[in-house]
Amino acid sequence: MFAPRDPDEYLLDTERRVIRVRRHWACLVWETFEAIALIAICVMVSYVLPPALWAVQNILWYVALFVVLRFAYQVIEWWVERLVVTDKRFVMTTGVWTTKVLMMPITKVTDLTYERSFWGRMLGYGTMIVESAGQIQALNRIEYLPKPEEFYDTISELVFGDKQKQAERFSMIKAQRAARGKRVAR
């Protein structure tokens, strides 16, 4: 009831899901550092203060609690955000309290670029820049994307590849999944 909808629920029956990812955990590095630093400052100041200032100490502990709750909310936001790519469109769902669904048709894609910083190469993430015909779309820049080379290759195949081969591959994968499902059901 309170959980956000699964991104697959927004897909049409005629679409096939190609990619489903969550942004890389590295997008939380700064928030983690910030939370740890603020909690450490609150704890140190609380222990330095004399016992007579118990009201200030209590306020510092409430500030530390607020920092922990804020960080937990940021982690939950990261956890529920998903990017789904189908053979027809990009769909990104975000939001804990209010769900936001971003969508861009694959047919609008005119150019793909991915960037990887030094830390991106070390940790395994990159930034994908998706350009469309003269418009800035909602999914123009996707940061902290895990395995950007695979993502780039897959999207390139969807946008610029042979549609007949894609259809054959999809029907073969569908048949393999159906065969596996029948064996498991026995």
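Which strands does α4 lie across, and at about what angle does α4 run to β5? In this predicted model, α4 lies across β5, β6 and β7, and its direction is at about 170 degrees to that of β5. There are two open sheets to look at, one with the order β5-β6-β7 and another with the order β1-β2-β3-β4. Two stretches also carry a "transmembrane region" label in an unreviewed UniProt entry.

**The three-stranded sheet**
- This open sheet has 3 strands in the order β5-β6-β7, and the pairing is antiparallel.
- β5 and β7 sit at the edges with a single partner strand each, so each has one side left without a neighbour in the sheet.
- From one strand to the next, the twist averages 25 degrees.
- β6 and β7 run antiparallel and are joined by 4 bridges.
- If you want a residue pair to click on, take I129, whose bridge partner in β7 is R141.

**The four-stranded sheet**
- Here 4 strands line up as β1-β2-β3-β4 in an open sheet, again with antiparallel pairing.
- The edge strands are β1 and β4; each has a single partner strand, so one side of each has no neighbour in the sheet.
- The twist from one strand to the next averages 15 degrees.
- β3 pairs with β4 over 6 bridges, in the antiparallel sense.
- T93 is a handy marker, as its bridge partner in β4 is V101.

**The largest nonpolar core**
- This core has 20 residues, and the ones touching the most other members are L83, V85, F90, F151 and I155.
- At least two core residues come from each of β1 (17-21), β2 (82-86), β3 (89-94), β4 (100-105), β5 (109-115), β6 (125-132), β7 (141-146) and α4 (148-160).
- α4 is the top contributor, giving 4 residues to the core.
- What does I155 contact once its neighbours within four places in sequence are set aside? The list is I19, V85, F90 and L112.

**The annotated stretches**
- UniProt's unreviewed entry lists residues 25-47 and 59-80 under "transmembrane region".
- Residues 25-47 are 83% helix and 0% strand, with 33 Å between the end C-alpha atoms.
- Residues 59-80 come out as 100% helix and 0% strand, and their end C-alpha atoms lie 32 Å apart.

Terms used. Residues are numbered from 1 along each chain as its sequence is written. This is a predicted model: local features need pLDDT of at least 70, side-chain atom pairs count only at pLDDT 80 or more; totals for chains, interfaces and linings use all residues. Side-chain values use heavy atoms; hydrogens and water are left out. UniProt positions are given in the numbering used here, feature names are shortened, and annotations may be inferred rather than shown by experiment. A nonpolar core is a set of buried Ala, Val, Leu, Ile, Met, Phe, Trp, Tyr and Cys residues joined through side-chain atoms within 4.5 Å. Buried means under 20% relative accessible area, exposed over 50%, partly exposed in between (1.4 Å probe, protein chains only). Contact means heavy atoms within 4.5 Å. Two strands pair if DSSP finds at least two bridges between them. Axes are lines fitted to C-alpha atoms, for helices over the stretch in contact, and angles run from 0 to 180 degrees between N-to-C directions.
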